Amino acid sequence: MAQVEKRGGLLRKSSASKKPLKEKVVLMYDEIFMTEDPSKCSPRFWEELFLMKVNLEYLEGKLESLDGEELMKIKDNINCLFQHCIQALGEEHPIRVVNALQTLCALIRGVHQKNKSTSGFDIINMLMGFDKAELCMKNLMESLDSLLCAEGSESLKSLCLKLLLCLVTVTDNISQNTILEYVMINSIFEAILQILSHPPSRREHGYDAVVLLALLVNYRKYESVNPYIVKLSIVDDEATLNVSIWILFFLFRQYKDKEEEHQSGFFSALTNMVGSMFIADAHEKISVQTNEAILLALYEAVHLNRNFITVLAQSHPEMGLVTSPVSPAPTTPVTPLGTTPPSSDVISSVELPLDADVQTSNLLITFLKYSSIVMQDTKDEHRLHSGKLCLIILTCIAEDQYANAFLHDDNMNFRVNLHRMPMRHRKKAADKNLPCRPLVCAVLDLMVEFIVTHMMKEFPMDLYIRCIQVVHKLLCYQKKCRVRLHYTWRELWSALINLLKFLMSNETVLLAKHNIFTLALMIVNLFNMFITYGDTFLPTPSSYDELYYEIIRMHQSFDNLYSMVLRLSTNAGQWKEAASKVTHALVNIRAIINHFNPKIESYAAVNHISQLSEEQVLEVVRANYDTLTLKLQDGLDQYERYSEQHKEAAFFKELVRSISTNVRRNLAFHTLSQEVLLKEFSTIS
């Protein structure tokens, strides 16, 4: 029995006597793939083509099926199609514009797939011709800029952004994509900011706009002047606020959804934002699918423009988000982890309520809450990258004078409910009893939480170093400005000592992969910072006493560390120099231990006490400060400022490559479907 099929542009009635029928648009594509100019026999060929529904699959597949010689034979027709697409973008009726945009997507993707092994210049020649490339790209970028800035269809804007993402990500390494030189010359930076400043556009296109901006900023950023970097670095406060609010509320939506879900115990059907964003069960840690592209955008903003750090400190109403209905997550994700775009339904709820009675918060709290989830799980590459990005952003914040002034402002107190990983040896904190404190306390809490929860076989050494650096930079500010922060410093000291114990107990395993002495030296120098300058920033004299008590109480850990580094520094091995630095750094800690321990033992013997209480030990400490001799250690309150180009270039190049690859994969055929567009433009004028 005959049946009708539609596949690959074929309309056919399956019977032995009849040949398959093709869609008209497919027949027109076939004419383009001939060597003759299709408009010779049909003067209205190009006008008619852009009234036909685009068959993306056929057009792109046809381009991929041709070999290099065959493609060169039809180069003139490809150039002609590309130019007519650009001309059609200026048409009044949107259906022509839609079809032109989608045809351009197919052309760019198809030609790139065919020319993967060739240079960008070959792709430029194949699409436009060298002689017309500059004018073509100028006209294309001007048309896209006009469409993005116009008050017209949001669907057209969506297609424009997808075309630009397609253009940017045709190569894994975007810095090798020579077409982007024209995108640099003909900037669309203002159009992207306009999208982010207009609430309806921000709801619909915020994700694509922010990802596009993050990728463009990373084009040859170390090799030449990138206009997107220049413009982002001088953007004004209002535009800064728009970008920051969108990025951070995107992250907040992820955190808020998961927090509400975790509290309700409903885990079977997740209302999610980014595909299958959250995975957890009621008795396990919360896990939020990371989004490296959005974190990269936040990093670039914070790193390049001090205004963004200022905006992080601005208060806003706490979001009373209403969960919008979203289709359930597919059982098999169709997009890779890390760069999945959100559904517009969820993004539409991410807007600031203007209710004066709503509790206020600020954008930095949003970021800290998100980071507390992201940084808890670093076992796969994407989560490791996201955790690293969070710590790099915190590093930039910890170095900024304005951010530190806000973080340490005793008149600006907030209650920050960070996520704490469930652990057997500690009880779950009661969220309702959280105190209001300066925000720096939440940053320190986050660092302490990371320290105590990541002592594992696959030791994230790089993240630990960054974590300790953040703490050190905050202490340097406190020492410099004599800020006496009322913080439970004992939690930090305890975490640092436990980390030292972990390094020692796993010496053999860790030394096979890492230089553990770099981290050990940083930890010891944090204690040296407290010992040398603690009287200038610890809140009370008793806090300083407690520091000495903790060092004395845990003297065995410091003794063991000294024995280990002394053993390695006296051998002629590869760790000799690194270990000897730790040996020298321990001089004051050992002086404290060697000075007070005999006096404590003497006190116990004289008073016939087998085990002294904390208060009794503190009494001995206070009575014997005068006879303690310490060495002045230089450079404890100095640090090397963060520098991306010199130390992080390789990481960011690899990260951008990963994001580019994933964004390109996400621009699948179904995301360019015309069904919605054709309903929107259902009449032809």
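What share of the contacts in the protein chain with a separation of 6 or more is accounted for by residues 24 or more positions apart? In this predicted model, such residues account for 77% of those contacts. The legends below begin with the whole chain and then turn to close-up views.

**Figure 1. Overview of the protein chain, a predicted model with 33 helices and seven strands.** Of the 685 residues in the chain, 56% count as buried. The chain exposes about 30800 Å², and carbon and sulfur atoms supply 51% of that area. A search of the whole structure finds 31 salt bridges, some of which are shown in the views that follow.

**Figure 2. Close-up of helix α8, with the salt bridge between Lys138 and Glu142.** The side chains of Lys138 and Glu142 meet with a distance of 2.8 Å from N to O. Because the two residues are four apart in helix α8, which covers residues 130-149, Lys138 and Glu142 are separated by about one helical turn. Both ends of the pair are partly exposed, Lys138 with a relative accessible area of 36% and Glu142 with a relative accessible area of 39%. Side chains of opposite charge can pair when their charged atoms come close.

**Figure 3. Close-up of the salt bridge between Arg437 and Asp445.** The closest N and O atoms of Arg437 and Asp445 are 2.4 Å apart. Arg437 has a relative accessible area of 19%, and since buried means under 20%, this arginine is classed as buried.

**Figure 4. Close-up of the salt bridge between Glu615 and Arg622, together with a separate network of charged residues.** The side chains of Glu615 and Arg622 meet at 3.2 Å, taken from N to O. Glu615 is partly exposed, with a relative accessible area of 48%, and Arg622 also counts as partly exposed, at 38% relative accessibility. Elsewhere in the chain, Lys388, Asp462, Arg466 and Glu648 are joined into one network by salt bridges that share partners.

**Figure 5. Close-up of helix α30 and the helices against which its buried residues pack.** Within α30, which spans residues 614-623, Val617, Leu618, Val620 and Val621 are buried. Seen down the axis of α30, the buried residues fall within an arc of 155°, so they line one face of the helix. These buried residues pack against α26, formed by residues 541-553, and against α29.

**Figure 6. Close-up of two loop residues, Arg220 and His608, each with a positive phi.** Most residues other than glycine have a negative phi. Arg220 nevertheless has a phi near 45°, and is found in the loop between α12 (199-217) and α13 (227-233). At 22% relative accessibility, Arg220 counts as partly exposed. His608, likewise not a glycine, has a positive phi of about 55° and lies in the loop between α29 (587-606) and α30 (614-623). With a relative accessibility of 73%, His608 counts as exposed.

**Figure 7. Close-up of Ser371 in helix α18.** Helix α18 comprises residues 363-374 and includes Ser371, which counts as buried at 0% relative accessibility. When its neighbours within four places in sequence are left aside, Ser371 is in contact with Cys390 and Leu446.

**Figure 8. Close-up of a nonpolar surface patch made by Val225, Val230 and Ile234.** The patch formed by Val225, Val230 and Ile234 amounts to about 320 Å². One of these residues, Ile234, lies in the loop between α13 and α14, the latter helix covering residues 237-264. Ile234 is exposed, with a relative accessible area of 64%.

**Figure 9. Close-up of Cys166, in a model for which the count of disulfides comes to zero.** A disulfide requires a pair of cysteine sulfur atoms within 2.5 Å, and by this rule zero disulfides are counted. The cysteine sulfur nearest to that of Cys166 belongs to Cys105 and is 4.7 Å away, and Cys166 is in no disulfide. Cys166 is buried, with a relative accessible area of 3%. Another cysteine, Cys467, is also buried, and has a relative accessible area of 0%.

Technical notes: Residues numbered from 1 in each chain as written. Predicted model: local features only at pLDDT ≥ 70, side-chain atom pairs only at ≥ 80, totals over all residues. Heavy atoms only, no water. Salt bridge = Lys/Arg side-chain N within 4 Å of Asp/Glu carboxyl O. Buried < 20%, exposed > 50% of the residue type's maximum accessible area, 1.4 Å probe, protein only. Contact = heavy atoms within 4.5 Å. Patch = residues over 30% accessible without salt bridge, like charges linked within 9 Å, V, L, I, M, F, W, Y side chains within 5 Å. Areas by Shrake-Rupley, 256 points an atom, 1.4 Å probe, with all protein chains shown as cover. Arc of directions from axis to C-beta.
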